[in-house]
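This report covers the fold, the nonpolar cores and the main pocket of one protein chain. Please keep the sequence and the structure at hand while reading.

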Amino acid sequence: MAKDKKTPRKQQVYTLLVEVGRAAGDGLPEGSTGAALMCYASGVDEAEAVRETVAILKQAEMAPLDVSGYGTLDERLAEGHDISDEERGLMARALEDNAVVVAQVTPFYDEGETRH
């Protein structure tokens, strides 16, 4: 019996929210304790997208602490998410470039600390 050849699985784009802590050279604002990064990452499955995103953030001298996955565009639409044209464009770019696109960075600050 001949083994079936594996058919290549199609790349998809996953929406990931990555929480990062502080690290030397991370480029986050002074006084912040970390940040949340909204990312669009391509992969054959969500696990691959997460691994690639974490590896790239570590190369960028960031300290990933936690990753939450929100699924593919189709999965998000099925859940009723409102997805803007801008967001769709960033997802398309991640897919075309087989890349991780950081769409938004939201720094965290300790409560009561002022930001200058």
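Which residues line the largest pocket? In this predicted model, the lining of the largest pocket consists of K10, Q11, Q12, V13, T72, L73, D74, R88, M91 and L95. The space inside this pocket comes to about 200 Å³. β1, α2 (73-78) and α3 (85-97) are the elements that give two or more residues to the lining, and α3 gives the most, with three residues. By class, the lining residues are four nonpolar, three polar and three charged.

**Overall fold**

The protein has 116 residues, and 28% of them count as buried. Three helices and four strands are present, and from the N terminus their order is β-β-α-β-α-α-β. Among contacts with a separation of 6 or more, 72% are between residues 24 or more positions apart.

**Strand pairing**

Strand β1 takes part in two pairings, listed here with one bridge partner for each.

| Pair | Sense | Bridges | Example of opposite residues |
|---|---|---|---|
| β1 (residues 12-21) and β2 (residues 34-43) | antiparallel | nine | Q12 and G43 |
| β1 (residues 12-21) and β3 (residues 63-72) | antiparallel | seven | L16 and G69 |

β1 is also mostly covered, as seven of its 10 residues are buried. Q12, whose bridge partner in β2 is G43, is one of the residues lining the largest pocket.

**Nonpolar cores**

In soluble globular proteins, nonpolar side chains tend to be buried together. The largest nonpolar core here has 13 residues, of which L16, V18, V20, L37, L57 and M62 touch the most other members. Two or more residues of this core come from each of β1, β2 and α1 (46-59). A second, separate core has six residues, including Y40, M91, A94 and V101. M91 of this second core is also among the residues that line the largest pocket.

What does L37 touch, leaving out residues up to four places away in sequence? The contacts of L37 are L16, L17, V18, V20, L57, M62, V102, Q104 and V105. Among these, L16, V18, V20, L57 and M62 are, like L37, in the group that touches the most other members of the largest core. L16 also stands opposite G69 in β3, so that residue appears in both the pairing and the core descriptions.

Methods. Residues are numbered from 1 along each chain as its sequence is written. This is a predicted model: local features need pLDDT of at least 70, side-chain atom pairs count only at pLDDT 80 or more; totals for chains, interfaces and linings use all residues. Side-chain values use heavy atoms; hydrogens and water are left out. Buried means under 20% relative accessible area, exposed over 50%, partly exposed in between (1.4 Å probe, protein chains only). Two strands pair if DSSP finds at least two bridges between them. A nonpolar core is a set of buried Ala, Val, Leu, Ile, Met, Phe, Trp, Tyr and Cys residues joined through side-chain atoms within 4.5 Å. Contact means heavy atoms within 4.5 Å. On a 1 Å grid over the protein atoms alone, a cavity is a set of points where a 1.4 Å probe fits but cannot get out, and a pocket is an open set with protein on both sides within 12 Å along at least five of seven lines; lining residues have an atom within 4 Å of a point. Grid points are joined across faces, edges and corners, and a volume is the space filled by probe spheres set on the points. Ala, Val, Leu, Ile, Met, Phe, Trp, Tyr, Cys and Pro count as nonpolar, Asp, Glu, Lys and Arg as charged, and the others, Gly among them, as polar.
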